[in-house]
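Thanks, everyone, for making the time this morning. I would like to walk through one structure with you, starting from a single strand and working outwards, so please keep the view open while I talk.

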Amino acid sequence: MIKKDGSNLVFIVGTARSGTTWLQRLVSSHPGCHTGEESHLFYFHIVPQLKAFWKGGNDQKPVGLYTYMRESEFREFLKAQIHSLLAVIGKEVRPGEYFIEKTPLHVLCLEEIRRFLPKAKIIHLVRDPRDVVASFLAASRGWGKFWAPRNSFRAASLWVLCAGAAREYKRKFRDPLFYELRYEDLLADTPSELRKIVDFIGLRWNEKDILKTVNRNSPDELRAGGGTLIPLKGQARKDFGAFSGNPRGFIRRAAAGGWKKDLHLLDKITVFAVAGSLLREYGYNWEHPLGSPVSKAVNILLPPLKRLRSLFPKAGR
């Protein structure tokens, strides 16, 4: 069972399409870990209650639970709800084991997670926003058409919202139970980065088994339907089967820098405009898509200006 202080619970968070599912598969491969599909526990259940059900109405006529209990009582009520839900989610967790919960949008709920589960561990996975935007746009044309942003401005804005929330939380709290890593580093040396993560969690894992896990969860294995399985429970198990599968196209290149070919120039400029400063804070190369503004401007504007001038041969004479 998951402990009430969250000490045997690990949250994996980040912007969608940043590799959080891959990280979940890697970590939950450990024999002392359990996992499941996204619970959306805080994002869709707890935070909306905090915003909507506590205090409503206006200065003339207050409504809501605000009119029946004090704020401290309301938070205790929510805490009891969280513990009841976690008892169901983590009922298979035995002493010494951990539950790995992966809901990317929980990155927007970090303060609430820490308030209600003071000893839960949080792992934030961040990825180059240009690759995230490229992945969003590809998903929006296929399996993710009902949820993925369909243009580079919205996709980049979502990355800024999520990555910015993590950066602000890190600055504000300096939380020792908060761990952050870049997708590109995990991709470049997966065994080494996975070792750091399991050490952070407090797990023991020999190098041989780590390598087996990395190989079993390679992009090619995952595309073929292999890899560590994510179990389904509850009604979903009856409706969809014992394990959660990936839709066609879920795993694309699983590489860094694909945005250079995937994004059009306008998309690159848009991502730079929306996410440039935060992109730099996370250590990514933030060179302007046009390179040197002056030289590139000349190269881009000169040809159409020459063509325009050719239409008016007497202009300027």
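Let me begin with strand 6, where K121, I123 and L125 point one way while I122, H124 and V126 point the other way, and where all of these residues are buried. Please keep in mind throughout that this is a predicted model. Put as a count, six of the six residues of strand 6, which covers residues 121–126, are buried, and the strand is mostly covered.

Which strands does strand 6 pair with? Strand 1, residues 9–13, is joined to strand 6 by four bridges, and the two run parallel; if you want a position to click on, V10 has K121 as its bridge partner in strand 6. Strand 7, residues 178–182, is also parallel to strand 6 and is joined to it by five bridges, with R182 in strand 7 serving as the bridge partner of V126.

From strand 1 we can carry on to strand 5, since these two pair in the parallel sense over four bridges, and here L9 finds its bridge partner in F99 of strand 5. Strand 5 in turn is joined to strand 2 by three bridges, again running parallel, and the bridge partner of H34 in strand 5 is, once more, F99. Is strand 5, residues 98–102, enclosed or open? Five of its five residues are buried, so strand 5 is largely enclosed by the rest of the structure. Its side chains divide into Y98, I100 and K102 on one side and F99 and E101 on the other, and all of them are buried.

Now to the helices, and to helix 5 to begin with. Helix 5 has 12 residues, which at 1.5 Å a residue should span 16 Å, and because its end C-alpha atoms are 16 Å apart, the expectation and the model agree. Helix 5 is mostly covered, with 11 of its 12 residues buried; among the buried ones are P129, R130, D131 and F136. As for what does the covering, the elements over those buried residues include helix 6, helix 12 and helix 13.

Helix 13 also gives us a long-range pair to look at. I269 is placed in helix 13, and although I269 and F153 are 116 residues apart in sequence, their C-alpha atoms are 9.8 Å apart in space. I269 has a relative accessible area of 26%, and therefore counts as partly exposed.

Helix 1 is another enclosed element: nine of its nine residues are buried, so the rest of the structure largely encloses it. The buried residues of helix 1 include T20, T21, W22 and R25.

That brings me to the largest pocket, which has a volume of about 1,000 Å³. It is lined by 45 residues, and those closest to its centre are R17, T21, K102, W143 and F250. Which helix supplies the largest share of the lining of this pocket? Helix 1 does, with five residues, while helix 1, helix 5, helix 6, helix 10 and helix 12 each supply at least two. Sorted by class, the lining consists of 22 nonpolar, 13 polar and 10 charged residues.

I would like to pause on two backbone details. In general, most residues other than glycine have a negative phi. R17, which is not a glycine, has a positive phi of about 65°, and R17 sits in the loop between strand 1 and helix 1. H40 likewise has a positive phi, near 55°, and lies in the loop between strand 2 and helix 2. Are these two residues buried or exposed? R17 has a relative accessible area of 13%, which means that it counts as buried, whereas H40, at 26% relative accessibility, counts as partly exposed.

Finally, let me step back to the whole chain. The protein has 14 helices and nine strands, and 43% of its 317 residues count as buried. Among contacts between residues at least 6 apart in sequence, 74% join residues at least 24 apart, and the pair of I269 and F153, at 116 residues apart in sequence, is one to revisit with that figure in mind. I am happy to go back to any of these views.

Technical notes. Residues numbered from 1 in each chain as written. Predicted model: local features only at pLDDT ≥ 70, side-chain atom pairs only at ≥ 80, totals over all residues. Heavy atoms only, no water. 1 Å grid on protein atoms, 1.4 Å probe; cavity = no way out; pocket = protein on both sides within 12 Å on 5 of 7 lines; lining within 4 Å. Points joined across faces, edges and corners; volume = space filled by probe spheres on them. Nonpolar A, V, L, I, M, F, W, Y, C, P; charged D, E, K, R; others polar. Buried < 20%, exposed > 50% of the residue type's maximum accessible area, 1.4 Å probe, protein only. Pairing = 2+ DSSP bridges. Expected span 1.5 Å × (residues − 1). Contact = heavy atoms within 4.5 Å.
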